[in-house]
Every structure is written in structure tokens, then in C-alpha cells.
Amino acid sequence: MASPHDVPGVEPIFRHLDDEDLKVQQVRTQMHPDGQKSVWEKWFTFGSHGKQYLSMWARWDPGMIVHRHGHHSPQVMYVLSGDLMCGDVHCPAGTHIELPHGAALGPLIAGPDGVELFEVMMGDAASWAADPEGFEALLASRDITKLPDPPIDLPEDFEDRRHQ
């Protein structure tokens, strides 16, 4: 007997990190003294089929820095491999980070081997900057230049707000 919550026609969706339709996108980039560093993402689910969440895999090059920020929804991050600093907290592989709606985290700094993450934003995935001046000072102290955000393929109903 079917559960009263089992909606006819609604089925699970399966994706694998190696699926050809999951495109790796370079979403942020910086010039470090030893070369260009970036954040790379594959989005499993992002705004398609009326879903109200983003789930993704991300890889950050060694030393990549992402500003202190929050999202317009709750977020969960899980460190799959490598490590990162989240503010003053060291987050090695196996670390689960929960960011309640309205909270900010960071700055985030990928470790010497980079970091690989699984992330979920449960609502509006757009972010907001929490300390732009502090981020600029951190980059300057490390002789890092923020480069223009690379073009990315977003769902039709999602505005690119990375520059804000």
C-alpha cells in the first residue's frame, strides 16, 4: 500500500558527479603571486523543475579566498577532501558547516591542497557580502588581485549577483 505522501508521478532524481550534462563552471577567480586560482562548481540541482534549492560539488584551488558572506537561505557545507579556514576555524575533511539563514561565515581560505566541498542552499542561493572592506584588505595583504567574475550558465530565472 502506498503512503499518503507518495505523490503519483513524482520520482527521485539521480545524478552522478561524472554525468556529462553536469558542466564544471569556473565561478570566481583571483590572481595570486604564484598564479591564477579559482572556485569550480558543478550544480546537481539549481532552480530547475521548480526546485527551491541548490545542491552542488565545488573545488577550490589551493589558497583561493572567498569573502565573508551569507546566503538568502540556510546553507550546509561538507568538506569532502582537503581543508579550509573559515574565519579562525580550521575545517579539515569530514567537517560539516551549517549556516543558518541570516548568518555569515568566512572569509574562507582553501588549504595548501585546495578543498573539495558538497554544498546545499535551501532557498535563494544568492549571497550577500558581510565585510567587503576586510576582504579587500586581506587580498591586498597577500598581494592577491580579484579578477572579473567569469561568465556562468545560470537558470533563466536566476540573476547573476556575484558582483554585488
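**Strands, buried residues and salt bridges**

Me: Strands β6 and β9 run antiparallel, with ten bridges joining them. What makes that a pairing of strands?

Reply: DSSP has to find at least two bridges between two strands. β6 and β9 have ten, so they count as a pair. Two of the matches in β9 are Glu 116 for Ser 81 and Leu 117 for Val 79. Strands themselves are DSSP runs of E with at least two residues, helices are runs of H or I with at least four, and both are numbered from the N terminus.

Me: What should I keep in mind about the model and its numbering?

Reply: It's a predicted model, in which local features need pLDDT of at least 70 and side-chain atom pairs count only at pLDDT 80 or more, while totals for chains, interfaces and linings use all residues. Residues are numbered from 1 along each chain as its sequence is written, and side-chain values use heavy atoms, with hydrogens and water left out.

Me: Which other strands pair with β9?

Reply: β3 (residues 54-60) does, antiparallel and over seven bridges, with Leu 54 matched to Met 121. β4 (residues 65-66) is also antiparallel to β9, over two bridges. That meets the minimum, so β4 and β9 pair as well. Here Val 66 stands opposite Leu 108.

Me: Why is β9 called largely enclosed?

Reply: Of its 14 residues (108-121), ten are buried, so the rest of the structure largely encloses the strand. Buried means under 20% relative accessible area, exposed means over 50%, and partly exposed is in between, with a 1.4 Å probe and protein chains only. Across the chain of 164 residues, 39% are buried.

Me: What else pairs with β6?

Reply: β8 does, antiparallel over four bridges, one of which sets Gln 75 against Leu 99. β7 is joined to β6 by four bridges too, also antiparallel, and there Asp 83 has Pro 92 as its partner. The β6-β7 hairpin has two residues between the strands, and Gly 87 takes a positive phi near 65 degrees in it.

Me: Why is Thr 95 called buried?

Reply: Its relative accessible area is 19%. That falls under the cut-off, so Thr 95 is buried. Thr 95 sits in the loop between β7 (89-92) and β8 (96-99).

Me: What makes the link from Thr 95 to Pro 92 a polar contact?

Reply: A polar contact is a pair of N or O atoms within 3.5 Å; within protein, one must be able to donate a hydrogen and the other to accept it, and residues adjacent in sequence count only if both atoms are side-chain atoms. The Thr 95 side chain reaches the backbone oxygen of Pro 92 at 2.7 Å, so the distance fits. Leaving aside neighbours within four places, Thr 95 is in contact (heavy atoms within 4.5 Å) with Met 77, Tyr 78 and Val 79.

Me: Is Thr 29 buried or exposed, and where does its side chain point?

Reply: Thr 29, in strand β1 (residues 25-32), is buried at 6%. A polar atom of its side chain lies 3.2 Å from the backbone oxygen of Lys 37. Beyond four places in sequence, Thr 29 touches residues including Met 64, Leu 147 and Pro 150.

Me: How do you know that Arg 28 and Asp 149 form a salt bridge?

Reply: The rule asks for a side-chain nitrogen of Lys or Arg within 4 Å of a carboxyl oxygen of Asp or Glu. The closest N and O atoms of Arg 28 and Asp 149 are 3.6 Å apart, so the pair passes. Arg 28 lies in β1 and Asp 149 in the segment after β11 (145-146), so the pair ties together parts that are 121 residues apart in sequence. Arg 28 is buried at 17%, whereas Asp 149 is partly exposed at 25%.

Me: How many salt bridges does the structure hold?

Reply: Three. Among them, Asp 34 and Lys 37 meet at 3.3 Å, N to O, where Asp 34 is exposed at 60% but Lys 37 is buried at 11%. Asp 61 and Arg 59 form another, at 3.0 Å. Asp 61 is buried at 14%, and Arg 59 is partly exposed at 35%.
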